[in-house]
Amino acid sequence: MNLVFVSAEAAPFSKAGGLADVAGSLPEALTPYLDSVTTITPLYGQIDTEKHNILATGERGHIDMGEETFHYALHQLNDPDATAHVIFIECAPLFGRQGIYTKANGEGFDDNNIRYFFFQLVVLDVLTRGIVKADLLHCNDHHTGLLPLLLKDTDLSTRTVFTIHNFLYHGHFSVADCANLPDGIVKHLTRTQWDNFSALLEGIDHSDVVTTVSPGYAKELIEGINVDAHSHTILQRAIHKFSGIVNGIDTSYWNPEKDQYTPHHYSAENIHGKMDNKLALLKETGLDADTDAPLFGSISRLVENKGFPLIVDLLDEFVALGAKFVFLGSGDPVITDQLQSAQQKHPGRIAFDAGFNEPLAHLIEAGSDIFLMPSRFEPCGLNQLYSLRYGTIPLVNRTGGLGDTVSDYKGNDGTGFVFEPYELDALRNAMKRTLQVFKSEDQWSSLIQRAMAEDFSWDQSAKQYYNLYKS
Ligand code: ADP
């Protein structure tokens, strides 16, 4: 069984969110089960080809889209330690820029539809020309949502799996955009209630199997929570082929015992380094250096659904109760302003880094006491999994993957703090409960031990994907 995994982002080469983490680690975890695994992803301008030893394969091609022809060249990763192949699609006019989906100011590129139509048409070209063999094509999110339908328009017998990493992003495109797609598929597209098309829904409709990244989120989607009427119809007709598999994490990259970005290493048996990392984090972010006060950490795209409207309303109150906060994230300018103001109002108590900062993300995981992740909805969530591994206690809303992976503290049981419903008072109570338990060194230590004993490596989930592929 030869698997091709298609993703618009893949860590460590390009990353905007959790999709990159999955595309960077799941293919490797699948190689023991399959004859070959190949990831295909764009070669963005931000990818350092020299550092990663990415070289041109010599294969080239072109795609006609409407009036225009775009040329591509294939490149591949040369890494003796990698077991999965990684192929990059180079096309400077479409992918040569720095950003993945957005300009430096956070605005999406105007030609994203063209960019990801092109991406999918190149994948199809590579498969039909036999450059890469695929018995199975695993597509991810809307950037790859047209591939199942595109494949049906060929002689290939490749089967398709489509994974929804976030149902919020549909990749809507217009009737006019269809001029850039082959006629053979356009007649099979389904119009949404807004008289446009959704690449995400096309992926769900036309793939052989659909998955999402946790059983909890699968249930919410099927029940129609946060789902419009048209999407609900499409999801209902996919029920027979729809399941949820929780994401795993790359346990060698996110490993407190040898994290390349943290100054001190530690394990559940030898936890002292965690406190040293806390001090390093406080110093690095300009927070008061008393390590006794509870420190809440947050690493997130700054978007409404990650819970920021609730968080910002509680900052004054919890600073007054002695807590400190460190935020890392970029995105929505309104949330950015709110966090900047909070930092100015409470110097030494609240720190905010408005960038994308991989080393700081690791230090926040290692140095915080509590990881604050009160998302309104969360397909899977990865940071709560990294937090468990780093003994940083997650505080989460009971939704999607958060509810599946964190269990609520109950004396001698539980790995974090879980609240519901998604309301200010519920979050306030959970934060107060957290501070209460934090005061008891014994209880907090055993909570850390239980969190660190959790196993979210890919082993279990990769097996589930393999069984699905076999079926
Ligand atoms: P989502 O995919 O919705 O953004 P996830 O929790 O699944 O949320 O994954 C987010 C990933 O992106 C995590 O690996 C997180 O550490 C990382 N991340 C998000 N924002 C930043 C940032 N500003 N700097 C560094 N890493 C970030």
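**Exercise 1. A glycine and its company**

Task: In this predicted model, leave aside the neighbours within four places in sequence and find which residues are in contact with glycine 331. Then place glycine 331 in the chain.

Solution:
- Step 1. With those sequence neighbours set aside, the residues in contact with glycine 331 are Leu302 and Thr336.
- Step 2. Now find the spot along the chain: glycine 331 sits in the loop between β13 (324–328) and α12 (333–345).
- Step 3. For a sense of distance, take glycine 273 as a second point. The two glycines, 331 and 273, are separated by 58 residues in sequence and, from C-alpha to C-alpha, by 32 Å in space.

**Exercise 2. Two domains meet**

Task: Describe how domain 1 and domain 2 of the protein chain touch, beginning with their bounds and ending with the kinds of residues on the side of domain 1 that touches domain 2.

Solution:
- Step 1. Start with the bounds. Domain 1 covers 2–248 + 459–470, and domain 2 covers 272–455.
- Step 2. Next, look at the spacing: 32 Å lies between the C-alpha centres of domain 1 and domain 2.
- Step 3. Count the residues that meet. Domain 1 brings 18 residues into contact with 17 residues of domain 2.
- Step 4. Turn to the area. About 1300 Å² is buried between domain 1 and domain 2, and 56% of it is on carbon and sulfur atoms.
- Step 5. Check the pairings across the boundary. Between the two domains there are seven residue pairs in polar contact, while the count of salt bridges there is zero.
- Step 6. Ask which elements of domain 1 give two or more residues to the side that touches domain 2. These are α1 (18–30) and α8 (215–223); the largest share, four residues, comes from α8.
- Step 7. Finish by sorting that side of domain 1 by residue type: seven are nonpolar, eight are polar and three are charged.

**Exercise 3. Around the ligand**

Task: How many residues surround the ligand, and which are the closest? Then follow lysine 306 to its salt-bridge partner.

Solution:
- Step 1. The ligand is surrounded by 19 residues, and the closest are Lys15, Gly18, Asp21, Arg301 and Lys306.
- Step 2. Zoom in on aspartate 21. An N or O atom in its side chain is 2.7 Å from an oxygen atom of the ligand.
- Step 3. Look at the backbone too. A polar backbone atom of asparagine 357 is 3.0 Å from a nitrogen atom of the ligand, and a backbone N or O atom of leucine 382 is 3.0 Å from a ligand oxygen atom.
- Step 4. Now follow lysine 306. Its salt bridge is with glutamate 378, and the closest N and O atoms are 3.0 Å apart.
- Step 5. Locate both partners. Glutamate 378 is in the loop between β15 (370–373) and α14 (383–389), and lysine 306 is in the loop between β12 (295–299) and α11 (308–320), so the pair, 72 residues apart, links distant parts of the chain.
- Step 6. For the wider picture, a search of the whole structure gives 20 salt bridges.

**Exercise 4. Backbone exceptions**

Task: Which peptide bonds, leading to proline 12 and to proline 421, are cis or trans, and what is phi of asparagine 53?

Solution:
- Step 1. Recall the background: most peptide bonds are trans, and most residues other than glycine have a negative phi.
- Step 2. The bond from alanine 11 to proline 12 is cis, with omega near 5°. Proline 12 is in the loop between β1 (2–6) and α1.
- Step 3. The bond from glutamate 420 to proline 421 is also cis, with omega near -5°. Proline 421 is in the loop between β17 (417–419) and α16 (424–439).
- Step 4. Asparagine 53 has a positive phi, near 55°, and lies in the loop between α2 (49–52) and β3 (54–65).

Key. Residues are numbered from 1 along each chain as its sequence is written. This is a predicted model: local features need pLDDT of at least 70, side-chain atom pairs count only at pLDDT 80 or more; totals for chains, interfaces and linings use all residues. Side-chain values use heavy atoms; hydrogens and water are left out. Domain bounds come from an automatic or database domain assignment. Contact means heavy atoms within 4.5 Å. Buried area is the accessible area (1.4 Å probe) that two parts lose on being put together, summed over both. A salt bridge is a side-chain nitrogen of Lys or Arg within 4 Å of a carboxyl oxygen of Asp or Glu. A polar contact is a pair of N or O atoms within 3.5 Å; within protein, one must be able to donate a hydrogen and the other to accept it, and residues adjacent in sequence count only if both atoms are side-chain atoms. Ala, Val, Leu, Ile, Met, Phe, Trp, Tyr, Cys and Pro count as nonpolar, Asp, Glu, Lys and Arg as charged, and the others, Gly among them, as polar. A residue is near a molecule or strand if one of its heavy atoms lies within 4 Å of it.
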